[in-house]
Structure formats: structure tokens, C-alpha cells
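Work through the exercises below with the sequence and the model open. Each task is followed by a solution in steps.

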Amino acid sequence: MSEELDLTELSLEELYEQMGDDLYDGYKDEVVEGVEEALGRGKTPYEVLTQGLVAGMEIVGVDFRDGILFVPEVLTAANAMKAGMAILRPLLAETGAPSTGKLVIGTVKGDIHDIGKNLVAMMMEGAGFEVINIGINQDADSFMEAINEHKPDFVGMSALLTTTMPYMKVIIDRLKEEGIRKEIIVLVGGAPLNEAFAESIEADAYCRDAAVAVETAKKLLAIRRGEAV
Ligand code: B1M
């Protein structure tokens, strides 16, 4: 019979490691307990986020990219992450944690597929980005409204249908018309897309999957901010 783990007996390093393991396994309640234990020890919400949750989620991202984990496992891990984030988000807002970057993401007009888009949103959030997920079937007006309101570093667009992917260009053209194209990094993704399509519509990058989206966003933001990559 397995004995229940007493989090209070773990060193801080062991506690963060345990949180990473629980996240990987998608144990929502245990992740919440870990977050509460670390906060109870006086750790800042930012430290708990980066060292407990984001570090764990990075391993999930890498294993997903490498084909060790699959969509259902990643969604379960992302849900556990969400439960931990629900505790940390209001505290982070109070304490003003440094922002990794802000993303407005949505599925384009005519398209209601959202599993992949939500996975990207959760993984980006897991990597410390602030994410505004505007949902499915979003036209250029809705994207512009969210962009004007939130002033993101990135706009992410998802399309799963060959008939809806051209609409991404409509949104990019709109960014140009409004004179803000150069201020925003445009990331696109979805099963029917590829690099060549992204290039043809003048997006900044095509992201094959959620892990690539996180890596690409970090890289492009670092370049934009003039940091070494
Ligand atoms: Co739809 N559907 N579907 N469907 N569906 C596909 C896409 C299809 C390929 C199935 C097929 O025929 N083999 C086909 C498209 C064919 C084509 O256009 N060439 C298709 C069709 C035809 C349709 C309908 C038209 C069917 C009908 O009604 N006749 C209809 C369209 C409705 C509409 O959108 N207007 C429809 C409806 C549906 C459901 C509602 C039943 C359901 C969606 C449920 C939901 O999303 N809530 C559904 C599903 C589930 C699928 C399949 C089976 C799976 C899609 C999925 O969730 N994949 C799909 C077949 C397939 O892809 N194998 C299919 C898992 C997900 C994790 O992967 O979405 O690729 P994906 O996301 C990845 C990457 O692409 C990338 O990262 C994600 C995570 O790694 N990524 C991004 C995605 N978005 C990104 C955004 C980024 C970055 C990366 O921004 C930064």
C-alpha cells in the first residue's frame, strides 16, 4: 500500500520537482496542493509559477514535441496547470510579475475547431505568456477589437480547414491597413498550413504544434527586444 506523500516534509527543491511530476501526470488536486504549500512557505507567486509550474510544463512541451506524450495527456497536464494558475493569476496581478509577453489568439472566421488552438493557448500560458483567447469563428473586426484593447506582442491565428485558412490573410491585411502590422508578431497554425503558406500571407511564423509555438514566440520576442537568443 502506498503511503500518502506529505508535502510539508519536502525540501523546496523536492517540492517543485514533485509539482512538475504531478503536472506531467495531470494530477490537478496535487498541483493545487503544491502551489498552496509553496505559497504557504512564503514563496512569491512568480517563483511558484516559474519554478513549479512553468518548469514542469516545459518538460510536457518537450515530450509532446518528441512524440512521447500525445494530445490527451497534454490536455490533462494543461488542465492541471490551469488549476494552479487559477490560484496564482490574481496574486501575480497584485504583485506585478514580469510579463514574458502577451498573445491574442483565436480561430478564424468560418472555423469552429478549437482543440489545437486551446492547447496552444494553455501551453503559452504555461510558459508565462499572458493569453487572451478570443475563441472560435472570429472575424477581422473581433481580432482588431481584441488587439486594440489588449495591445499584445503577438496575434495567433488558427485554422483547420483549407476553406478558412485564406481568411488569415484578411486579418494580416487589416493589420497593415490600420498601420500596426510591424508592431505585432503574427503566428499562424493549424493542420492544413505549412511554412510556404505562412510566408505567402506574410505571417511572421508558422507553428507546427503548441511546443513549437512556445519556442517560436520566445525566440521572436527576444529578437524584437534585442536580447541574445
Ligand atoms: Co473537423 N475537419 N470538421 N471537426 N476535424 C478536420 C480538420 C478534417 C481534416 C477531417 C477530415 O476530413 N479528415 C476536415 C478538414 C478538411 C479540409 O479542410 N481539408 C474537417 C472537416 C471537413 C470538418 C467539417 C466541415 C465537417 C462537416 O461538418 N462536414 C466541420 C467544420 C466545422 C467548421 O469549422 N465550420 C468539422 C467539425 C468538426 C467537429 C466540430 C466535429 C470537431 C471539432 C471540435 C473542436 O475543435 N472543438 C472536429 C474535429 C475534432 C476534427 C479533427 C478530427 C481533429 C482536429 C483536432 O482537434 N486535432 C480533424 C482531423 C485531423 O486534424 N486529424 C478535422 C487535434 C489538435 C491538437 O491538433 O488542431 O492540428 P490541431 O492543432 C495543433 C497544430 O495544428 C497547432 O498546434 C496544435 C497543437 O499541437 N496549431 C497552432 C493549431 N492552431 C494553432 C494556432 C497557433 C499555433 C499553432 O497560433 C499561434
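**Exercise 1: polar contacts of the ligand**

A nitrogen atom of the ligand lies 2.7 Å from an N or O atom in the side chain of Asp 114. The model is predicted; local features need pLDDT of at least 70, side-chain atom pairs count only at pLDDT 80 or more, and totals for chains, interfaces and linings use all residues. Residues are numbered from 1 along each chain as its sequence is written, and side-chain values use heavy atoms, with hydrogens and water left out.

Task: Which backbone atoms make polar contacts (pairs of N or O atoms within 3.5 Å) with the ligand?

Solution. Step 1: a polar backbone atom of Gly 110 is 2.9 Å from a nitrogen atom of the ligand. Step 2: an oxygen atom of the ligand has a backbone N or O atom of Gly 190 at 3.5 Å.

**Exercise 2: the cobalt atom and the shell**

Task: Find the protein donor (an N, O or S atom within 2.8 Å of the metal, or 3.2 Å for Na, K and Ca) of the cobalt atom, and describe the ligand's surroundings.

Solution. Step 1: the single protein donor to cobalt is NE2 of His 113, 2.1 Å away. Water is not among the atoms, so the site may look incomplete. Step 2: His 113 sits in the loop between strand E1 (102-108) and H5; helices here are DSSP runs of at least four residues, strands of at least two. Step 3: the ligand is surrounded by 26 residues, each with a heavy atom within 4 Å. Step 4: H5 gives the largest share of this shell, 4 residues.

**Exercise 3: H3 against H5**

Task: How do the axes of H3 and H5 cross?

Solution. Step 1: the axes (lines fitted to C-alpha atoms over the stretch in contact, with angles from 0 to 180 degrees between N-to-C directions) of H3 (residues 45-65) and H5 (residues 115-126) come within 9 Å and cross at roughly 135°. Step 2: H3 is therefore oblique to H5; angles under 35 degrees count as roughly parallel, over 145 as roughly antiparallel, 65 to 115 as roughly perpendicular and the rest as oblique.

Definitions and conventions: A polar contact is a pair of N or O atoms within 3.5 Å; within protein, one must be able to donate a hydrogen and the other to accept it, and residues adjacent in sequence count only if both atoms are side-chain atoms.
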